[in-house]
Amino acid sequence: MEHTRQPSPTRRAVLGAGIAAAGSGLLAACSSGGTGRQGSPGAPAAVDTPEGFVAPSGTEVDEVHPDPTGPLRKHTFTATPTTVELGAGRTFRSWTYDGLLPGRPVRITAGDTLALRLANHLPEPTTVHWHGIALRNDMDGVPGITQPPVKPGETFDYRFLVPHPGTYWFHPHMGVQIDRGMYSPLIVDDPREPLSYDHEWIVMLDDWIDGVGGSTPDGVLAQLRHGKPGMGHGAAHEGRAADGEGASDRPDGPVEAGGGGLAAARGPAAAASPSAHHGKGPRRLMTGAHSKLLGGHAGDVAYPYYLINGRTADDPTQFRAKPGDRIRLRIMNAGGETAFRVALGGHEMTVTHTDGYAVRPYRTDALLIGMAERYDVLITAKDGVFPLTALAEGKKGSAMAVLRTGRGAVPPASTRPAELDRKVLTSAARLRPDDSTALTRRRPDRLLKIKLTGDMKTYDWGIDHKPYDPETLHDVELGERVRLVVINATDMWHPVHLHGHTYALAGIEGHGARKDTAILLPHRKLVADFDADNPGLWMLHCHNIYHSESGMMTTLAYRSR
């Protein structure tokens, strides 16, 4: 059942905290809130929690997540302004973790405890969200909901048990900071890994705009919303430059957006809209971005560059192996607003996992991967030099990395492998879960039904025709099987992400693949089941960061006992 509680100045101040969670219920429920331990010694005061709901640090959370006893893996990351070099001598000012793009991988074994200290050297508050991890609620990194923001000059200690193996990542959950350079892979090894392979290749895809010609993600959001304030923490910082302009920016000549085809395109990769803009930097509003695979309109932001592992296609990273080697690719879309169609020239891929969970092997030539989705694939390397191309779906432009097992020249940046137009896995709904990860069959106890609303022209994205309001909660009860129905009533696709849980997509034969983020096409619906086994306040939102920060997010709340 949806609840709107009386306004609270503390929570009202965090309107649009930067990504949210889910639904509207059929069966009523009950539970008990409270203030439990905060995430770390010396952490800021606990955030306000609605009466009658489980607090992020409440006793119910402690009962489900007792103090871990496994090995402790310690890390320190610093969020800091820095100069990044994207390839071919292009340097721009941005924000990263420890000056690296992507940030260094964090590797841990399922069952271990991760202890990561975040030091904030940015001029703005920030947090870290652990995307896809079923962690305790007070470690989820949503400012004003699960923790106070980490202020400039402060630190925050994230400490939690990592329960499930798989491919995950972490990033800020503050305004549109995710569209800067702060993201890192989180690889959780399976102590009983069933796959056999010789090498592992971590592949992080990104669309890049920060620092180019004075652009910032906050300025882009201001342009998209025609000067209207955003609905998240980013609103307070709209139009601010990323600590200075790029040191060697290239001019941004307009290139008209493509229709999902495979024509060559280098350099600036999208058309700037002729309409008036707001915010600092050049116009970054795209026209003509269309994709049949995405059901029509593909995106609104004209990104100048697309990256694989922090590099542009004309100066790519190279992965070296031997002919015949079996390679596991862990592919993650860290982009802010771009879906990618991914293929490895001359090779077929076998999908083994999506969003960290094993599926029955599925052969394909290419993948369509929305923002925040992850796919693990196996390939057997051939002899030569091969492009791993990530086509910016519906936009003219691409990223590229190289698999090298022999001699030969690096493929040109304009390379479009034939596999991109062959068999394409466009939806995880085609996949079937491995027996080890399939959700058990059970009748749902509760229905959560929400509608995605809004349009590209006004950029007033929301849930059920309303922008995000932290006072609106959709309740569930611990132990329930919940059926989630998300109806896309808009003319654009959305990647739908649920925090703290994975859901099983509806399948022809029982439950489908387990996901935490899934592409939802225009005027379609997503039907999925999940177990309410992780108490707290969780966000459900579109992982197009500009949609979520415009209001397309909501909160799933566990009732207290």
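This passage walks through one helix and several paired strands of a predicted model.

A good place to begin is helix α3, which spans residues 217–224. Eight of its eight residues are buried, so the helix is largely enclosed by the rest of the structure. They run from Pro217, Asp218 and Gly219 through Val220, Leu221 and Ala222 to Gln223 and Leu224. Here, buried means a relative accessible area under 20%. The packing partner of these buried residues is α4 (545–548). After α3 comes histidine 226, whose phi is positive, near 55°.

Attention now turns to the strands. Strands of a sheet pair through backbone hydrogen bonds, either parallel or antiparallel. One open sheet in this model is built from four strands, ordered β3-β2-β5-β7, with mixed pairing. The edges are taken by β3 (90–97) and β7 (155–161); each has a single partner strand, so one side of each is left without a neighbour in the sheet. From one strand to the next, the twist averages 25°. Within this sheet, β5 (residues 113–120) is joined to β7 by seven bridges in the antiparallel sense, and alanine 115 lies opposite arginine 159 of β7.

Strand β9 (residues 184–189) offers another view of strand pairing. This strand is mostly covered, with five of its six residues buried. Its pairing with β4 (residues 106–109) is parallel and involves four bridges; there, leucine 186 of β9 is the bridge partner of valine 106. With β8 (residues 166–171), in contrast, β9 runs antiparallel, and five bridges connect the two. Serine 184 in β9 stands opposite phenylalanine 170.

Definitions and conventions:
Residues are numbered from 1 along each chain as its sequence is written. This is a predicted model: local features need pLDDT of at least 70, side-chain atom pairs count only at pLDDT 80 or more; totals for chains, interfaces and linings use all residues. Side-chain values use heavy atoms; hydrogens and water are left out. Buried means under 20% relative accessible area, exposed over 50%, partly exposed in between (1.4 Å probe, protein chains only). Contact means heavy atoms within 4.5 Å. Two strands pair if DSSP finds at least two bridges between them. Axes are lines fitted to C-alpha atoms, for helices over the stretch in contact, and angles run from 0 to 180 degrees between N-to-C directions.
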